[in-house]
Amino acid sequence: MPRSRRFSGQTLPRDYRPRGWYESVVTGSRFQVKSIMVHPGASLSLQSRYHRARRWVVVEGAAEVTVDKEVKLVTENQSVYIPLGAFHRVENPGKVPSLSLRCRLAAISVKMTLRYEDIYARDQGAKASPERLLADGKVTVYGIEVTL
């Protein structure tokens, strides 16, 4: 194959966070795929999004995934779907890093993330427990009332 048409692996820029790191693998007009590593004992914030659904595929280790009131252990080569508006969190309960591919599924790229429990103190989103929000069915975020 001519040199100009060869494809080779590349190192992607990683964004390091207290919980681990992520790198954007590919982005299209209606999707984005990120590789996300979560340290043992760490977790992402409990959050929801109203403009995007997601699918998480565990490729190394395991992840404990919360979707609304359901918590399940997802192991290598398994996936979980996060529907629009669902409360969700990914945690690593294991002793080895958890590596997952996160697929964002949306036609629009609105980045409004509602965070409910965030141990990393990013001061945004709603500040109520998901149990109360699920019971009440409404939350006010940035001055806008949202019905769940």
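**Notebook: salt bridges, sheet and a nonpolar patch**

I began with the side chains of Arg 14 and Glu 23, which meet in a salt bridge with 3.1 Å from N to O. I note at the outset that this is a predicted model, and that every value below is computed from it.

I then looked up how the two partners are covered. Arg 14 has a relative accessibility of 41% and therefore counts as partly exposed, whereas Glu 23, with a relative accessible area of 11%, is buried. The cut-off I needed here is that buried means under 20% relative accessible area, with exposed starting over 50%.

Next I asked how many salt bridges the structure holds. I found three, and went on to the other pairs. Arg 17 forms one with Asp 15, where the closest N and O atoms are 3.0 Å apart. Arg 17 is partly exposed at 32% relative accessibility, and Asp 15 is partly exposed too, with a relative accessible area of 27%.

The side chains of Arg 89 and Glu 91 also meet in a salt bridge, with 3.7 Å from N to O. In this pair I noted that the arginine, Arg 89, counts as buried at 14% relative accessibility, while Glu 91 is partly exposed with a relative accessible area of 24%. As a reminder to myself, side chains of opposite charge can pair when their charged atoms come close.

I turned to the strands and traced an open sheet of six, in the order β1-β2-β3-β10-β5-β8, with antiparallel pairing. Which strands stand at the edges of this sheet? They are β1 (15-17) and β8 (79-82), and each has a single partner strand, so one side of each is left without a neighbour in the sheet. I also recorded that neighbouring strands of this sheet are turned by 25° against each other on average, direction ignored.

Within the sheet I followed one pairing in detail, that of strand β3 (residues 31-38) with strand β10 (residues 98-105), which run antiparallel and are joined by eight bridges. Ser 35 stands opposite Leu 101 in β10, and I used that pair to check the register by eye.

Last, I looked at the surface, where Val 25, Val 26, Phe 31, Tyr 81 and Leu 105 make a nonpolar patch of about 400 Å². Phe 31 ties this entry to the previous one, since this residue of the patch lies in strand β3. Is Phe 31 buried or partly exposed? At 34% relative accessibility, Phe 31 counts as partly exposed.

Definitions and conventions: Residues are numbered from 1 along each chain as its sequence is written. This is a predicted model: local features need pLDDT of at least 70, side-chain atom pairs count only at pLDDT 80 or more; totals for chains, interfaces and linings use all residues. Side-chain values use heavy atoms; hydrogens and water are left out. Two strands pair if DSSP finds at least two bridges between them. Helices (H or I, at least four residues) and strands (E, at least two) are DSSP runs, numbered from the N terminus. Axes are lines fitted to C-alpha atoms, for helices over the stretch in contact, and angles run from 0 to 180 degrees between N-to-C directions. Patches are made of residues with over 30% relative accessible area and no salt bridge: like charges are joined within 9 Å, nonpolar side chains (Val, Leu, Ile, Met, Phe, Trp, Tyr) within 5 Å. Accessible areas come from the Shrake-Rupley method with a 1.4 Å probe; for residues, only the protein chains shown count as cover. A salt bridge is a side-chain nitrogen of Lys or Arg within 4 Å of a carboxyl oxygen of Asp or Glu. Buried means under 20% relative accessible area, exposed over 50%, partly exposed in between (1.4 Å probe, protein chains only).
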